[in-house]
Amino acid sequence: MTATLTAAPAPAAPMASAAAAGVLPTLRIPPSRGADRVRATARRAGLAHAAEHGGPGAVTVVAAADAAQALRGRHGAGPLVLVCDTVGRTGLRLALRAGAVVLRAADLTGESLAAAVRRAAHPHPSIPYPDLSHLLAGGPGPGDPADDGGRPVLTARQTSVLRLMAEGHGNADIALLLRCSEHTVKNVIYEIMARLQARNRAHAVAHAVRHGLV
């Protein structure tokens, strides 16, 4: 039977601090190995049981061994948080493409769960730096899905500039590293934005990572 949790009025106790920062959406936690720990953590964060299903805007929290297992058989189930025993580049990439927020089971606390739920309920086009760093480290991992269908194709220079943008370099640094003018870098970034239909640099990097372009 599926258990659901929703935000309760935050008591004065310190353990409720995560929920006190704002009203959290309803949580739906399907039965799985590890689900009991997630429920207990949610209670300690100031969340309480709710009746029936989560309802509109509910965030589903799935505990699983890895992201691939958690996503298996899921199709457009709404906001999703994955609490995974292991998080590799392939699983993280799959989760980001599915619009899910990933939380390592080893990092599961009331505060980290509340933060993950907020991120899932209010998605942002950028990717948190730890996730981005993990994805970019060493390039694509073995078994990463190609997902070439319909994705934009970047030139070698555009890819180089985008990767340096993802690492946090500014235009002047990128120009120095690629041995070109800053004007050239600006033109390449303009081309990247147009090709990816991105609103800003963070959106461009997030889009590129989700589609395996960097």
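1. β2 (27-29) and β4 (59-64) pair in the parallel sense over two bridges. Two strands count as paired if DSSP finds at least two bridges between them. At this seam, L27 stands opposite V59 in β4. The model is a predicted one: local features need pLDDT of at least 70, side-chain atom pairs count only at pLDDT 80 or more, and totals for chains, interfaces and linings use all residues. Residues are numbered from 1 along each chain as its sequence is written, and side-chain values use heavy atoms, with hydrogens and water left out. Helices (H or I, at least four residues) and strands (E, at least two) are DSSP runs, numbered from the N terminus.

2. Moving on from β4, you will find β5 (80-84). β4 and β5 pair in the parallel sense over five bridges, and the bridge partner of A64 in β5 is C84. β5 is also joined by four bridges to strand β6 (residues 101-104), and these two run parallel. Here V81 has V101 of β6 as its bridge partner. Together, β5, α4 and β6 make a right-handed β-α-β unit. Right-handed is meant in this sense: with the strands pointing away from the viewer, the path from the first strand over the helix to the second runs clockwise.

3. Is β4 buried or exposed? Six of its six residues are buried, so β4 is largely enclosed by the rest of the structure. Buried means under 20% relative accessible area, exposed over 50%, and partly exposed in between (1.4 Å probe, protein chains only). The side chains of β4 split between two directions: V59, V61 and A63 point one way, while T60, V62 and A64 point the other way, and all are buried.

4. Now for the interior. The largest nonpolar core has 35 residues, and L82, L162 and L196 are those with the most contacts inside it. A nonpolar core is a set of buried Ala, Val, Leu, Ile, Met, Phe, Trp, Tyr and Cys residues joined through side-chain atoms within 4.5 Å. Among the elements giving two or more residues to this core are β4, β5, α4, α7 (156-166) and α8 (171-178). The most comes from α9, with six residues. There is also a second, separate core of 18 residues, which includes V81, L108, L113 and A120.

5. α8 is worth a look on screen. N171, I174 and A175 are buried in this helix. They cover an arc of only 100° around the axis, which puts them on the same side of α8; the arc is that of the directions from the helix axis to the C-beta atoms. The face turned away from the buried side of α8 carries the exposed residues L176 and L177. As for neighbours, the buried residues of α8 pack against α7, α9 and α10, where contact means heavy atoms within 4.5 Å.

6. Two backbone details go with these helices. Just after α8, R179 takes a positive phi of about 55°. Just after α7, G168 takes a positive phi of about 95°. α7 itself has Q158, V161, L162, L164, M165 and A166 as its buried residues.

7. How many salt bridges does a search of the whole structure find? There are two, a salt bridge being a side-chain nitrogen of Lys or Arg within 4 Å of a carboxyl oxygen of Asp or Glu. In one of them D85 pairs with R33, the closest N and O atoms being 2.7 Å apart. This pair links distant parts of the chain, 52 residues apart: D85 sits in the loop between β5 and α4 (89-97), and R33 in the loop between β2 and α2 (35-44). D85 is partly exposed, at 41% relative accessibility, whereas R33 is exposed, at 62%.

8. The other salt bridge joins D36 to R39, with the closest N and O atoms 2.6 Å apart. These two are three residues apart in helix α2, so about one helical turn separates them. D36 is exposed, with a relative accessible area of 58%, but R39 is buried, at 11%.

9. A last item concerns G110, which is found in helix α5 (residues 110-121). G110 counts as buried, at 16% relative accessibility. The C-alpha atoms of G110 and V38 are separated by 9.1 Å, with the two residues 72 apart along the chain.
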